[in-house]
Number of protein chains: 2
Amino acid sequence: MRKPTIQDVARKAGVGVGTVSRVLNNHPAVKAATREGVMAAIAALEYTPNPHARRVAGGRSYTVSVMLPVLSTEFYTRLLSGLEAAFQEARYDVAIFPLLDRSRLERYLGSHTLAYQADGLVMATHDLTRLLRDRRTLTPQPTVLVDAHSPDVDCAFMDNVTGGRLAGEHAVKAPGAVYAMWVETELDQLFPARVFEDRRSGFLSALDRAGRPLATEVTSAFDTLAARNAAAAVLDRAQAEASGAPCTVFAAADLLASALLDEAHARGLRPGVDLRVIGFDDQPWAAARGLTTLHQPVEGMGHEAATLLLSRLNGYRGAPRARRFEPHLVVRDTA
Amino acid sequence: MRKPTIQDVARKAGVGVGTVSRVLNNHPAVKAATREGVMAAIAALEYTPNPHARRVAGGRSYTVSVMLPVLSTEFYTRLLSGLEAAFQEARYDVAIFPLLDRSRLERYLGSHTLAYQADGLVMATHDLTRLLRDRRTLTPQPTVLVDAHSPDVDCAFMDNVTGGRLAGEHAVKAPGAVYAMWVETELDQLFPARVFEDRRSGFLSALDRAGRPLATEVTSAFDTLAARNAAAAVLDRAQAEASGAPCTVFAAADLLASALLDEAHARGLRPGVDLRVIGFDDQPWAAARGLTTLHQPVEGMGHEAATLLLSRLNGYRGAPRARRFEPHLVVRDTA
DNA sequence: TTGTAGGCGTTATCAG
DNA sequence: CTGATAACGCCTACAA
């Protein structure tokens with residue numbers, strides 16, 4: 001029960017291996033009839049080309065590596081979906097390298113897999129290009145950044161400043177006082193990121209432009225309990241300072257908004273009536289709870305990053321390209 | 001600046017490629033002097049063997065695949081460390097496949113990487129052997145289960161029943177009432193796991209053997225806020241039912257124990273004096289907070305799983321082996 | 001448009 | 001012990 005090889009396919013289809021190879025790499029110069037015969041043989045034998053042999057033969061391995069921080073947050077799940085969809089379409093496999101901690105990074109740097117296996121590399125959130133270059137652990141291979149940007153390489157990133165600005169512009173449409181809840185800057189010192197700083201600066205600029213002050217802002221860890229406490233703190237302030245119009249609270253992540261909704265509910269406050277809430281992320285449950293929030297085209301960003309890399313793999317030479325993605329406001333019941 | 005090949009090394013060392021290959025695979029039949037010369041050449045050239053070529057020629061790629069559920073919990077980080085350490089020692093690379101959702105599983109099943117790249121497969125927590133066999137997506141390759149068990153394949157697993165029992169035996173050493181906090185059964189229906197059921201059955205059997213009743217038990221989601229609420233519920237009960245002796249609470253996960261400690265503190269209760277707390281996991285912070293808890297040799301389990309797989313890869317044929325690992329109680333201040 | 005042959009970097013076999 | 005040399009599965013000229 002050996003795995004079938006290109007030889008087997010050629011024999012079965014009654015053609016030469018060269019022809020099989022051509023249909024595999026859909027080379028144009030193959031007669032339609034021949035192609036179909038080969039395809040049939042491939043299907044019959046359940047043949048899959050051996051990527052290692054492909055790689056050795058001088059070509060490519062049709063796999064790319066993706067390095068990203070901790071998985072399991074919705075953002076990275078969606079990002080991975082976007083990337084994988086695009087790569088799969090182009091018949092590329094993806095190898096995942098989660099950067100759980102520093103030692104793992106070291107391990108990857110010395111890894112054969114990173115150095116050899118992949119035809120290209122996508123790095124999410126953290127720009128490690130310089131690090132990799134210094135270590136010269138890998139033959140320079142096409143690289144693309146996603147959810148991060150650098151002038152040196154292709155990148156696809158989310159414009160969190162714009163996201164914050166959109167939230168701010170929506171917030172000031174109502175007369176009440178404005179509050180905000182932020183997330184503490186990233187946990188891991190090794191890989192600083194600045195999404196929340198960006199959201200904040202966009203938000204503040206919008207308020208500023210409207211001549212509106214920010215009443216109070218609180219910062220919370222990215223965890224449900226901390227969020228609930230922060231929500232309570234905000235509502236304490238808001239209720240103490242209550243003027244006529246309902247206040248607006250911008251929660252810079254839906255996790256925070258969820259806690260705020262819970263806390264408001266516990267206090268008998270009706271979101272959308274007694275207070276306005278604007279979230280950020282548009283998590284799956286947001287629609288059900290009527291949360292007005294910012295939707296990020298995360299899959300789209302992943303897809304675009306993959307496309308950028310694929311174009312390089314197909315030989316594109318040119319200056320680094322930057323693709324910016326904008327969140328958009330989804331207005332629902334809470335604001 | 002082409003990457004050096006085995007040819008380059010052979011030339012530089014003044015030997016044949018066969019010899020270089022032998023030292024690479026540390027074949028015994030190489031004179032020490034020759035070996036050193038080759039090693040020197042390898043170092044000088046910064047040569048690294050091309051795993052794809054190895055695969056094509058010799059049949060093995062020196063990489064293994066690891067399929068596991070969501071990363072980012074401490075347990076899996078430690079598990080991965082144990083696995084990676086052992087594999088790295090044997091000069092194997094590891095490819096990680098996070099099973100974030102069902103669609104991703106489908107994707108993996110059709111993946112070249114899973115089918116070709118790996119010489120072996122380790123599956124954590126979920127036994128997907130049957131699924132893979134049915135799909136026959138891959139040439140049957142050596143497989144090992146870790147944190148799960150099955151009579152059909154090698155496995156290394158944690159004995160949670162024993163862990164629960166140890167907690168129970170420690171709990172009944174003191175006279176007060178006994179309470180327990182459990183974690184809701186796993187979120188994802190696709191991959192049911194039963195760690196908490198096991199911990200519970202061990203715990204209950206110990207109480208039973210000691211002729212002691214369980215006063216009250218509560219179940220919580222695996223999340224800090226839910227845990228805090230559950231902790232409050234337990235303490236409400238405990239304070240209402242208070243007898244003379246301090247009660248004992250077994251929190252089946254340190255996440256729960258942490259919330260319990262917080263809630264106790266908020267109520268002015270002194271752990272270790274006014275109530276006893278036993279956790280489970282021995283998370284990094286447990287020592288600092290003086291938490292009595294169960295330590296699991298997670299890295300050891302990972303290491304052993306890797307060792308089992310490596311022995312298969314080295315040709316071991318024999319009945320499936322099961323390696324059981326036991327948590328042990330770490331007694332600190334809280335109980 | 002297609003088949004044949006050489007080569008990719010290693011391992012494995014087989015003489016010496 | 002070691003050096004040739006034939007695979008390994010595929011791609012890519014080159015020739016037909």
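Helix α11(A) goes past α12(A) in a right-handed crossing. This is a predicted model, so here's a quick tour of that helix pair, some ring pairs, two charges over rings and one buried glutamate. Across all chains, the aromatic pairs add up to 13.

**Two helices in chain A**

- In chain A, helix α11 covers residues 224-240 and helix α12 covers residues 254-266; their axes come within 8 Å and cross at roughly 55°.
- That angle makes α11(A) oblique to α12(A).
- On the α11(A) side, the residues that meet α12(A) include Ala227(A), Ala231(A) and Leu235(A).
- On the α12(A) side, those that meet α11(A) include Leu256(A), Ala259(A), Leu260(A) and Glu263(A).

**Ring pairs in chain A**

- With 13 aromatic pairs over all chains, one to look at is Phe203(A) with Phe250(A): it's stacked, at 4.6 Å centre to centre and with 25° between the planes.
- Phe203(A) belongs to helix α10 (residues 195-209) and Phe250(A) to strand β8 (residues 247-251), so this pair ties together parts of chain A that are 47 residues apart in sequence.
- Both rings are tucked away: Phe203(A) is buried at 0% relative accessible area, and Phe250(A) is buried at 0% too.
- Ring pairs also join these two with Trp182(A) and Phe280(A) in a cluster.

**A tyrosine pair in chain B**

- Over in chain B, Tyr62(B) and Tyr92(B) have ring centres 5.1 Å apart and planes at 50°, so they count as a tilted pair.
- Tyr62(B) sits in the loop between α4 (51-58) and β1 (63-68), while Tyr92(B) sits in the loop between α5 (74-89) and β2 (93-98), so the pair ties together parts of chain B that are 30 residues apart in sequence.
- Tyr62(B) and Tyr92(B) are both buried.

**Charges over rings in chain B**

- Tyr62(B) has another partner: the charged end of Arg54(B) sits over its ring, 4.3 Å from the centre.
- Arg199(B) has its charged end over the ring of Phe280(B), 3.7 Å from the centre.

**A buried glutamate**

- Glu84(B) is part of helix α5 of chain B, and it's buried, with a relative accessible area of 4%.
- Setting aside neighbours within four places in sequence, Glu84(B) is in contact with Arg104(A), Arg107(A) and Tyr108(A) from chain A, plus Val94(B) and Ile96(B) from chain B.

Definitions and conventions:
Residues are numbered from 1 along each chain as its sequence is written. Chains are lettered from A and ligands numbered from 1 in the order in which they are written. This is a predicted model: local features need pLDDT of at least 70, side-chain atom pairs count only at pLDDT 80 or more; totals for chains, interfaces and linings use all residues. Side-chain values use heavy atoms; hydrogens and water are left out. Rings of Phe, Tyr and Trp (its six-membered ring) pair if their centres lie within 6.5 Å; planes under 30 degrees apart count as stacked, over 60 as edge-to-face and the rest as tilted. Helices (H or I, at least four residues) and strands (E, at least two) are DSSP runs, numbered from the N terminus. Buried means under 20% relative accessible area, exposed over 50%, partly exposed in between (1.4 Å probe, protein chains only). A charge sits over a ring if NZ of Lys or CZ of Arg is within 6 Å of the ring centre and within 35 degrees of the ring normal. Axes are lines fitted to C-alpha atoms, for helices over the stretch in contact, and angles run from 0 to 180 degrees between N-to-C directions. Angles under 35 degrees count as roughly parallel, over 145 as roughly antiparallel, 65 to 115 as roughly perpendicular and the rest as oblique. A crossing is left-handed if the near helix is turned anticlockwise from the far one by less than a right angle, and right-handed if clockwise. Contact means heavy atoms within 4.5 Å.
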